[in-house]
Amino acid sequence: MAKPADTRTAGRKPAAKPVAKATRSTAETEKIRAALAARRDELRAEYDQTLSEITELQRDRLTDSAGDDQADTGTKTLEREQEISLANSILERITQVERALERLDEGGYGWCERCGNPIPVERLAAFPSATQCVTCKQLGERR
C-alpha cells in the first residue's frame, strides 16, 4: 500500500544551498576598512561634541533656573532628554560601525547574517554597517 504524501513538505522549495563567499582583494578590504574607520572617527568626534554641548547646556541651566515655573522646568527636562537620546543614537551608530569592522576582520562583512547571501553593493554603499540584505531586513521589520 502506498504511503500518503506528506502535505507539510509538498509544494515547498528545497532549502537554498549556501552561496560560496567570494574573497576580496587586500586592496578592496583595506579600502572598506579605511572608509569604516573614517566613519567611526567622524561619529566619535560628533559624539564628543554632543557630550560637551550637553555638559555646557547643563551648566547653563543650573545657573539660569531661578524663577522657573513648572512649564520652564518641563521644557528643560524635555530638551535634556532629547539631547541624551541624540548622544545615545550616535553611540549606537559607532557600535554598528565597530561591529562592521569586526565582521570585516572575520570575513563576514558584506554577507547577510540571516540568510548568508551577499548584501548588494548598493546597500553597503548607502549603509556600510548593514548586517542583513534588503529582503531579510524587510522581513525583520514586519515582525
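Helices (H or I, at least four residues) and strands (E, at least two) are DSSP runs, numbered from the N terminus, and this is the vocabulary for the tour that follows. The model is a predicted one, in which local features need pLDDT of at least 70 and side-chain atom pairs count only at pLDDT 80 or more, while totals for chains, interfaces and linings use all residues. Residues are numbered from 1 along each chain as its sequence is written, and side-chain values use heavy atoms, with hydrogens and water left out.

**Whole chain**

Start with the full protein, coloured by pLDDT if the viewer allows; pLDDT is the predictor's confidence in each residue, from 0 to 100. Its mean over the protein is 81, and 81% of the residues reach 70 or more. Select residues 1-20 next: pLDDT stays under 50 there, and the model has four contacts beyond four places in sequence for this stretch, a contact being heavy atoms within 4.5 Å.

Now show the cartoon, where the secondary structure comes to four helices and zero strands, in the order α-α-α-α from the N terminus on. Among contacts with a separation of 6 or more, 58% join residues 24 or more positions apart. With the surface switched on, the protein exposes about 10700 Å², of which carbon and sulfur atoms supply 53%; these areas come from the Shrake-Rupley method with a 1.4 Å probe, and for residues only the protein chains shown count as cover. Of the 143 residues, 22% are buried, where buried means under 20% relative accessible area, exposed over 50%, and partly exposed in between (1.4 Å probe, protein chains only).

**Helix α1**

Select residues 26-63, which form helix α1, and pick out T29 within it. T29 counts as buried because its relative accessibility is 15%, and, leaving aside residues up to four places away in sequence, it touches R24 and L104. Further along, D41 also has its place in helix α1, but D41 counts as partly exposed because its relative accessibility is 42%. A distance drawn from D41 to V97, C-alpha to C-alpha, comes to 9.9 Å, although 56 residues separate them in sequence.

**Helix α2**

Move to residues 70-106, helix α2, where T73 lies. At 42% relative accessibility, T73 counts as partly exposed, and its C-alpha is 9.7 Å from that of R61, twelve residues apart in sequence. Then select E83, found in helix α2 as well; is this residue buried or exposed? E83 is buried, with a relative accessible area of 17%, and, apart from residues up to four places away in sequence, it touches T50, I54, L57 and R61.

**The largest pocket**

Finally, select K31, I32, A35, L36, R39, Y109, V121, L124, A125 and P128, which line the largest pocket. Its volume is about 250 Å³, a volume being the space filled by probe spheres set on grid points that are joined across faces, edges and corners. On a 1 Å grid over the protein atoms alone, a pocket is an open set of points where a 1.4 Å probe fits, with protein on both sides within 12 Å along at least five of seven lines, and lining residues have an atom within 4 Å of a point.

Helix α1 and helix α3 (121-126) each supply at least two lining residues, and the largest share, five residues, comes from α1. The lining divides into eight nonpolar, no polar and two charged residues, with Ala, Val, Leu, Ile, Met, Phe, Trp, Tyr, Cys and Pro counted as nonpolar, Asp, Glu, Lys and Arg as charged, and the others, Gly among them, as polar.
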